[in-house]
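This report describes how the parts of one protein chain are arranged in space. Please consult the sequence and the structure while reading.

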Amino acid sequence: QVQLVESGGGLAQPGGSLRLSCTASGTFFRIYAMGWYRQAPGKQRELVARIGSGGDTSYADSVWGRFTISTDSAKNTVFLEMNSLKPEDTAAYYCNADISPRWDFRNDYWGQGTQVTVSS
């Protein structure tokens, strides 16, 4: 059984920083990619950043240059370093992972979400 557990959300002032972490637990055949999505009230869930197993990264235009995604592969953990936060970054942030728990099955998994609020 694959589970994603997030931590690190909270309240930050505009211009401040937060760091999110997400650890995947369970038995895996392979982790293809991990990433972060966010959903603000009344809006659709959107991709924030994603990192492949080869280290290739992609970012939403709105966070490029401010957010950095990284992994600790040995610990099956993905991080999102968020700097220069803006009020429009306020949202529930969800960890996502593209995982094969066994050789013949591949699926998307989601964390429970962690709230990030940027306000003075």
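Which residue is the bridge partner of Gly10 in S11? The partner is Val116. The model in which this pairing is found is a predicted one.

**Strand S11 and its partners**

Strand S11 covers residues 114–118. Strand S2, made of residues 10–12, runs parallel to S11, and three bridges join the two. S11 also pairs with strand S9, residues 91–102, again over three bridges but in the antiparallel sense. In this second pairing, Ala91 is the residue that stands opposite Val116. Val116 thus appears in both pairings: with Gly10 and with Ala91.

The two faces of S11 can be told apart. Thr114, Val116 and Val118 make up the covered face, whereas Gln115 and Thr117 lie on the uncovered one.

**The open sheet**

Four strands form an open sheet in the order S1-S3-S8-S7, with antiparallel pairing. Its edge strands are S1 (3–7) and S7, each of which pairs on one side only. On average, neighbouring strands of this sheet are turned by 15° against each other, when direction is ignored.

At one end of that order, strand S7 (residues 67–72) is joined to strand S8 (residues 77–82) by six bridges, and the two run antiparallel. Among the facing residues, Ile69 has Leu80 in S8 as its bridge partner, and Ser70 stands opposite Phe79. S7 and S8 form a hairpin with four residues between the strands. Within this hairpin, Asn76 adopts a positive phi near 50°.

**The disulfide**

The structure holds one disulfide. A disulfide is a covalent bond between the sulfur atoms of two cysteines. Here the bond joins Cys22 to Cys95, with an S to S distance of 2.1 Å. The two cysteines belong to distant parts of the chain: Cys22 lies in strand S3 and Cys95 in strand S9, 73 residues apart. The angle about the S-S bond is -80°, and the link is left-handed.

Are these cysteines buried or exposed? Cys22 counts as buried because its relative accessible area is 0%, under the limit of 20%. Cys95 is likewise buried, with a relative accessible area of 0%.

**Accessibility of four residues**

The table places the two cysteines beside two further residues, Ile99 and Thr27.

| Residue | Relative accessible area | Class |
|---|---|---|
| Cys22 | 0% | buried |
| Cys95 | 0% | buried |
| Ile99 | 0% | buried |
| Thr27 | 61% | exposed |

Ile99 is found in strand S9. Leaving aside neighbours within four places in sequence, Ile99 is in contact with several residues, including Val2, Ala24, Phe28, Tyr32, Phe105 and Tyr109. One of these, Tyr32, is 67 residues from Ile99 in sequence, yet their C-alpha atoms are 5.8 Å apart in space.

Thr27 presents the opposite class. It is found in the loop between strand S3 (18–25) and strand S4 (30–39). Thr27 counts as exposed because its relative accessible area of 61% is over 50%. Thr27 and Pro14 are 13 residues apart along the chain, and their C-alpha atoms are separated by 39 Å.

Separation along the chain and separation in space may therefore be compared in two pairs: 67 residues and 5.8 Å for Ile99 and Tyr32, and 13 residues and 39 Å for Thr27 and Pro14.

Notes: Residues numbered from 1 in each chain as written. Predicted model: local features only at pLDDT ≥ 70, side-chain atom pairs only at ≥ 80, totals over all residues. Heavy atoms only, no water. Pairing = 2+ DSSP bridges. Buried < 20%, exposed > 50% of the residue type's maximum accessible area, 1.4 Å probe, protein only. Contact = heavy atoms within 4.5 Å. Axes fitted to C-alpha atoms, helices over the stretch in contact; angles between N-to-C directions. Disulfide = S-S within 2.5 Å.
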